[in-house]
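Student: I've just opened this structure and I'd like to learn how to read it. Could you walk me through it?

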Amino acid sequence: MGVWELIVTAIGLSMDAFAVAVCKGLSLRNLRWRQCAVVGLYFGAFQAVMPLIGYFLGVQFREYITSVDHWIAFVLLALIGAKMLHEAISGGEEAGSNDASLSFRAMLPLAVATSIDALAVGVTFAFLRVQIVPAVSSIGVITFALSFAGVKIGNVFGDRFQKKAEICGGVILILIGAKILLEHLGILG
């Protein structure tokens, strides 16, 4: 997986967190930069840790399934992308995302919920033999930046961008999964 693919994957994974950050921004009054940073840190940290966990789980099973790893990567990314699309189109929303609280109790479930997808992507990273430190660092930093911006955008512009961000993230993940599959099948060079 090249640098650009990694960046695009990180952006795709961060779209759930971005959408929830937009909702947080909607609910926060008298927004301060510190609040943007808190949301960004929660989402960025969990988006970095979850693929790391998935990677180590995937490494344990890599030798048994290398002949079908590209299919696993495609299916996982396609399912995650389809789930994001379905939630965006059907109006699904993360529980508690309109709550203005930034307490550990309020943020932990949101950070975990928005990073479950990253756990599955971490498993695919193991099969694809991705260098994990740059991968999780990129995911964490990009998610932090987009979540930070999402809080501000939500506070200023409202919920116009939430659905579009989730649709964009879903499409990106499906396309990356298809590219991985097509490369392994020899269709793409």
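Student: Let's begin with two helices that touch. At what angle do α1 and α5 pack, and how far apart are their axes?

Tutor: Two packed helices are described by the angle between their axes and the distance between the axes. Here α1 and α5 pack at an angle of about 30°, and their axes are 7 Å apart. Axes are lines fitted to C-alpha atoms, for helices over the stretch in contact, and angles run from 0 to 180 degrees between N-to-C directions. The names come from DSSP runs numbered from the N terminus: helices are H or I with at least four residues, strands are E with at least two.

Before we go on, a word on the source: this is a predicted model, where local features need pLDDT of at least 70 and side-chain atom pairs count only at pLDDT 80 or more, while totals for chains, interfaces and linings use all residues. Residues are numbered from 1 along each chain as its sequence is written, and side-chain values use heavy atoms, with hydrogens and water left out.

Student: Are α1 and α5 roughly parallel or roughly antiparallel?

Tutor: Angles under 35 degrees count as roughly parallel, over 145 as roughly antiparallel, 65 to 115 as roughly perpendicular and the rest as oblique. So α1 and α5 are roughly parallel to each other. Their crossing is right-handed; a crossing is right-handed if the near helix is turned clockwise from the far one by less than a right angle, and left-handed if anticlockwise.

Student: Which classes of residue make up the contact of α1 with α5?

Tutor: That contact divides into 18 nonpolar, eight polar and no charged residues. For the classes, Ala, Val, Leu, Ile, Met, Phe, Trp, Tyr, Cys and Pro are nonpolar, Asp, Glu, Lys and Arg are charged, and the others, Gly among them, are polar.

Student: How do α1 and α4 pack?

Tutor: Helix α1 covers residues 3–27 and helix α4 residues 104–128; they pack at about 170° with axes 10 Å apart. They are therefore roughly antiparallel to each other, and their crossing is right-handed. On the α1 side the contact includes L13, A17 and V20, and on the α4 side it includes M107, V121 and F125. Contact here means heavy atoms within 4.5 Å. By class, this contact of α1 with α4 has nine nonpolar, two polar and three charged residues.

Student: And where does α2 come in?

Tutor: Helix α2 spans residues 33–65, and its axis comes within 11 Å of that of α1, crossing at roughly 155°. So α1 and α2 are roughly antiparallel to each other, and α1 passes α2 in a right-handed crossing. From α2, the contact is made by V39, F43 and Q47, and from α1 by L13, S14, A17, V20 and A21. Six of the residues are nonpolar, two are polar and none is charged.

Student: Is S14 buried or exposed?

Tutor: S14 counts as buried, because its relative accessibility is 0%; buried means under 20% relative accessible area, exposed over 50%, partly exposed in between (1.4 Å probe, protein chains only). S14 sits in helix α1. Leaving aside neighbours within four places in sequence, S14 is in contact with Q47, I142, T143 and L146.

Student: How many residues does the largest nonpolar core have?

Tutor: A nonpolar core is a set of buried Ala, Val, Leu, Ile, Met, Phe, Trp, Tyr and Cys residues joined through side-chain atoms within 4.5 Å. The largest one has 30 residues, and those with the most contacts inside it are L13, L77, I80, V121, F125, L173 and I180. The elements giving it two or more residues are α1, α2, α3 (69–90), α4, α5 (132–157) and α6 (162–184). Beyond neighbours within four places in sequence, I80 is in contact with D117, A120, V121 and L173.

Student: What is the phi of R129?

Tutor: Most residues other than glycine have a negative phi, and most peptide bonds are trans. R129 has a positive phi, near 55°. R129 lies in the loop between α4 and α5 and counts as exposed at 54% relative accessibility.
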